[in-house]
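Pull up the model and give it a slow turn before reading on. We'll start with one residue and work outwards from there.

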Amino acid sequence: MTVWHITKGDSADLGFAVAALIARAVSLNEFKQWADRVIVDLPADALPPWIYDLSTLEDNGRVVPAIYENIGFAPYDPVLEAQGPAAALDGIAFLRGQSARVGYDLHIKPEAARTALDRHKEIAARFHAVFPFIELPGA
């Protein structure tokens with residue numbers, strides 16, 4: 001059984017998934033697939049009620065605020081606190097053909113993001129662990 005870190009006191013996996021969505025490393029549909037996977041992997045009594053809301057999010061132009069409103073806290077992944085690992089998520093987005101974060105100014109050039117991904121291979125490995133149903137190009 002997979003253990004998912006999605007609670008307020010231990011939200012690293014949820015934080016990584018939300019950060020991947022913000023960086024456009026995953027689409028909304030892929031984020032919802034991740035939520036579905038959590039639902040399948042965890043016993044029913046261990047599931048927070050809001051996970052079902054994440055599984056059925058609608059693209060109404062305010063997806064990220066809706067996530068925070070549904071879960072009631074800001075998920076946090078300490079690995080992504082440093083700039084290099086966070087930029088590596090942008091590298092994954094560029095690798096997957098995405099151009100810029102939704103609703104944000106492009107804060108990193110594609111070349112720098114790809115360099116960050118090359119330097120932080122642990123982020124690609126983490127991405128594969130959290131989103132095993134997504135194949136990264138060139139991986």
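Does serine 55 count as buried or exposed? Keep in mind that what you are looking at is a predicted model. The cut-off for buried is under 20% relative accessible area. Serine 55 has 14% relative accessibility, so it counts as buried. You'll find serine 55 in helix H3, which covers residues 50–55. As for its company, leaving out residues up to four places away in sequence, serine 55 touches Lys32, Ala35, Asp36 and Ile39.

Now zoom out to the whole chain. The protein has seven helices and zero strands, so along the sequence the pattern simply reads α-α-α-α-α-α-α. The radius of gyration is 14 Å, and the globule rule gives 14 Å for 139 residues, so the protein is as compact as a globular protein of that length. Along the principal axes, the C-alpha atoms fill a box of roughly 45 × 35 × 25 Å. Of the 139 residues, 47% count as buried. And if you take the contacts between residues at least 6 apart in sequence, 65% of them join residues at least 24 apart.

Helix H6 is a nice one to look at from the end. H6 runs over residues 110–119, and its buried residues are Ala113, Ala116 and Leu117. Why do these three sit on the same side of H6? Around the axis they cover an arc of only 100°, which puts them on the same side of the helix. Turn to the face away from that buried side and you meet the exposed residues Glu111, Asp118 and Arg119. What do the buried residues of H6 pack against? Their partners are helix H5 (83–95) and helix H7 (121–130).

H5 turns up again at our last stop, the second largest pocket, where H5 and helix H1 (12–22) each supply at least two residues of the lining. H1 gives the most, with four residues. This pocket has a volume of about 240 Å³. Its lining is made of 16 residues, and those nearest the centre are Gly15, Ala19, Asp77, Leu80 and Glu81. Which class of residue would you expect to meet there, nonpolar, polar or charged? The lining has eleven nonpolar residues, along with two polar and three charged ones.

Definitions and conventions
Residues are numbered from 1 along each chain as its sequence is written. This is a predicted model: local features need pLDDT of at least 70, side-chain atom pairs count only at pLDDT 80 or more; totals for chains, interfaces and linings use all residues. Side-chain values use heavy atoms; hydrogens and water are left out. Buried means under 20% relative accessible area, exposed over 50%, partly exposed in between (1.4 Å probe, protein chains only). The arc is that of the directions from the helix axis to the C-beta atoms. Contact means heavy atoms within 4.5 Å. On a 1 Å grid over the protein atoms alone, a cavity is a set of points where a 1.4 Å probe fits but cannot get out, and a pocket is an open set with protein on both sides within 12 Å along at least five of seven lines; lining residues have an atom within 4 Å of a point. Grid points are joined across faces, edges and corners, and a volume is the space filled by probe spheres set on the points. Ala, Val, Leu, Ile, Met, Phe, Trp, Tyr, Cys and Pro count as nonpolar, Asp, Glu, Lys and Arg as charged, and the others, Gly among them, as polar. The radius of gyration is taken over C-alpha atoms; the globule rule is 2.2 Å times the number of residues to the power 0.38.
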